[in-house]
Amino acid sequence: MEKLVIGLVQTHDEAEAAAERIIDCGYTRQEVSLLMTDATRHRCFRSPDGAPSSQTFGAAVAMSVVVPDLGFVVAGPLAAVVASAVGAGITGGLREILMTAGVPRHWAERYEAGVRQGGILVSVFARSERDVGLLHLVLDDNGLYAIRHAAEREAYDIYC
């Protein structure tokens, strides 16, 4: 059982912090995915000279999959979901791709809007139901840009 758990952050540092918390839960950096617009990639993951950032996610983001028709880039295991959805002819955008990964429409719409506004999705496929709850807590940390309130988190967990 693998279930996609997502957090939305605004900066490179917040993405790194979220990834570190995921790693602290027993996952590897290679299991963490990032998804953002190309503009956000250039804003958050480029040094002033235009070269890819040398920080932790720099190489992964530099080698990320660009989905020009949909207007975003993705690095990590989520790239396979995106490629599969695009290959299957899903053209409705990020919302539909997230829905194919099991994210309810309500949340997929919010995540898509957040990415379009310059946010960065940080995600991981949870290995167990226990991990789903733990990872939701980790990715909804108050230090991160959270789009879900406590009551909404409960609703998300009920419907996922």
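Start with the whole protein chain, coloured by secondary structure: this predicted model has eight helices and five strands. Follow the chain from the N terminus and you will meet the elements in the order β-α-β-α-α-β-β-α-α-α-β-α-α. Next, switch on the surface. The protein chain exposes about 7500 Å², and carbon and sulfur atoms supply 54% of that area. Of its 160 residues, 47% count as buried. If you display contacts with a separation of 6 or more, residues 24 or more positions apart account for 68% of them.

**Stop 1: helix α1**

Select residues 12-24, which form α1. Try the distance tool on the two end C-alpha atoms: they are 18 Å apart, in agreement with the 18 Å that 13 residues should span at 1.5 Å a residue. Now turn the view to look down the axis. Where do the buried residues of α1 fall, seen this way? Show H12, A15, E16, A18, A19 and I22, which are buried in this helix. They fall within an arc of 160° or so? Check the figure: the arc is 165°, so these residues line one face of α1.

Rotate to the face turned away from that buried side, and you will find the exposed residues D13 and D24. Then come back to the buried side and bring in its cover, which includes β1 (3-9), β2, α2 (38-44), β5 (120-126) and α7. Before leaving, click on G26, which follows α1 and has a positive phi, near 100°.

**Stop 2: E31, in the loop that follows**

Move along to E31, in the loop between α1 and β2 (32-37). Is E31 buried or partly exposed? Its relative accessible area is 23%, which makes E31 partly exposed. Select everything E31 touches, leaving out residues up to four places away in sequence, and you get P77, S123, V124 and R127. For a link back to the previous stop, draw a line from E31 to A19: the two are twelve residues apart in sequence, and their C-alpha atoms are 9.5 Å apart in space.

**Stop 3: R127 and the ring of Y27**

Keep R127 on screen and add Y27. R127 lies over the face of Y27, at 3.9 Å from the ring centre. If you go looking for aromatic pairs elsewhere, you can save yourself the trouble, as the structure holds zero of them.

**Stop 4: helix α7**

Stay with Y27 and show D131, which is found in helix α7 (residues 129-139). Leaving aside neighbours within four places in sequence, D131 is in contact with Y27 and A126. D131 is buried, with a relative accessible area of 10%.

Which residues of α7 are buried? They are D131, V132, L135, H136, V138 and L139. Look down the axis of α7 and you will see these residues fall within an arc of 160°, so they line one face of the helix. Spin to the other side of α7 for the exposed residues E129, R130 and L137.

**Stop 5: D140, after α7**

Step on to D140, in the loop between α7 and α8 (150-159). Although D140 sits in a loop, this residue is buried, with a relative accessible area of 9%. Add G7 to the selection: D140 and G7 are 133 residues apart along the chain, yet their C-alpha atoms are separated by 6.5 Å.

**Stop 6: helix α6**

Finish with residues 105-116, helix α6. Its end C-alpha atoms are 16 Å apart, which agrees with the 16 Å that twelve residues should span at 1.5 Å a residue. Colour its buried residues, W107, A108, Y111, E112, G114 and V115. Seen down the axis of α6, they fall within an arc of 160°, so they line one face of the helix. Last of all, click on G118, just after α6, where phi is positive at about 100°.

Note on methods
Residues are numbered from 1 along each chain as its sequence is written. This is a predicted model: local features need pLDDT of at least 70, side-chain atom pairs count only at pLDDT 80 or more; totals for chains, interfaces and linings use all residues. Side-chain values use heavy atoms; hydrogens and water are left out. Rings of Phe, Tyr and Trp (its six-membered ring) pair if their centres lie within 6.5 Å; planes under 30 degrees apart count as stacked, over 60 as edge-to-face and the rest as tilted. A charge sits over a ring if NZ of Lys or CZ of Arg is within 6 Å of the ring centre and within 35 degrees of the ring normal. Helices (H or I, at least four residues) and strands (E, at least two) are DSSP runs, numbered from the N terminus. The expected span of a helix is 1.5 Å times one less than its number of residues. Buried means under 20% relative accessible area, exposed over 50%, partly exposed in between (1.4 Å probe, protein chains only). The arc is that of the directions from the helix axis to the C-beta atoms. Contact means heavy atoms within 4.5 Å. Accessible areas come from the Shrake-Rupley method with a 1.4 Å probe; for residues, only the protein chains shown count as cover.
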